[in-house]
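Please open the structure in your viewer, with residue labels switched on, and follow the selections below in order.

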Amino acid sequence: GGDFIPYRLSDIAEVIPGTRLTPQERDKGDTPVIQGRNLTIQSLKFDDLDRISVFETGRKVYIQSGDVLIQRIGNQPTAFLVPPELKGVLAIETVHVIRLNDSHRKLGRYLTEFFNSEKGHIYLSTVLRGAVVPSLN
């Protein structure tokens with residue numbers, strides 16, 4: 001085998017907090033959003049997503065195929081690999097987006113499997129913040 005080279009997540013990816021919505025943007029609208037609770041759905045489809053009104057003010061985070069999403073809130077956050085059909089959906093504040101660098105995009109599936117494993121949950125618990133409701137910050 002080859003040499004093992006450890007990487008920090010920050011060396012191979014950007015971790016992007018989901019879009020923080022204004023109260024007005026929480027109204028029903030046409031823009032599909034993905035949120036933490038969606039990540040537990042086995043075969044998540046575009047039609048399963050809520051839709052909101054979005055104003056083009058402020059920073060918006062739209063997911064890309066191959067992004068790894070992680071629930072921001074909870075004791076055992078779920079990781080989710082974004083399939084091509086969900087590209088362009090708005091990620092909101094209950095999700096962190098891990099966007100792998102181009103040279104590491106193929107690691108998305110493995111990273112998702114790791115974060116959903118027992119060791120992955122242990123790792124995520126070391127970076128969780130919050131006393132009552134743990135939050136990944």
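How many bridges join strand 4 to strand 5, and in which sense do the two strands run? Select residues 68–71 together with residues 79–81: in this predicted model, strand 4 and strand 5 are antiparallel and are joined by 3 bridges. Within this pairing, Leu69 has Phe80 of strand 5 as its bridge partner.

Next, add strand 7, residues 95–100, which pairs with strand 4 in the antiparallel sense over 4 bridges; here Ile70 has His96 as its bridge partner. Keeping strand 4 in view, look at its two faces, both of which are covered: Val68 and Ile70 lie on one side, Leu69 and Gln71 on the other, and all four are buried. In a regular strand the side chains alternate between the two faces of the sheet.

Now select Ile34, Ile63, Leu69, Phe80, Leu86 and Val97, which touch the most other members of the largest nonpolar core, a set of 15 residues. Centre on Val97, whose contacts, leaving aside neighbours within four places in sequence, include Glu14, Ile16, Val61, Ile63, Leu69 and Ala91. Apart from this core lies another, of 10 residues, among them Ile12, Ala79, Ile98 and Leu111.

Finally, move to the loop between strand 7 and helix 2 (108–115), and select His104. Is this residue buried or exposed? His104 counts as buried because its relative accessibility is 17%, which is under the 20% cut-off. Leaving aside neighbours within four places in sequence, His104 is in contact with Tyr7 and Ile12, and Ile12 is one of the residues of the 10-residue core.

Conventions: Residues are numbered from 1 along each chain as its sequence is written. This is a predicted model: local features need pLDDT of at least 70, side-chain atom pairs count only at pLDDT 80 or more; totals for chains, interfaces and linings use all residues. Side-chain values use heavy atoms; hydrogens and water are left out. A nonpolar core is a set of buried Ala, Val, Leu, Ile, Met, Phe, Trp, Tyr and Cys residues joined through side-chain atoms within 4.5 Å. Buried means under 20% relative accessible area, exposed over 50%, partly exposed in between (1.4 Å probe, protein chains only). Contact means heavy atoms within 4.5 Å. Two strands pair if DSSP finds at least two bridges between them.
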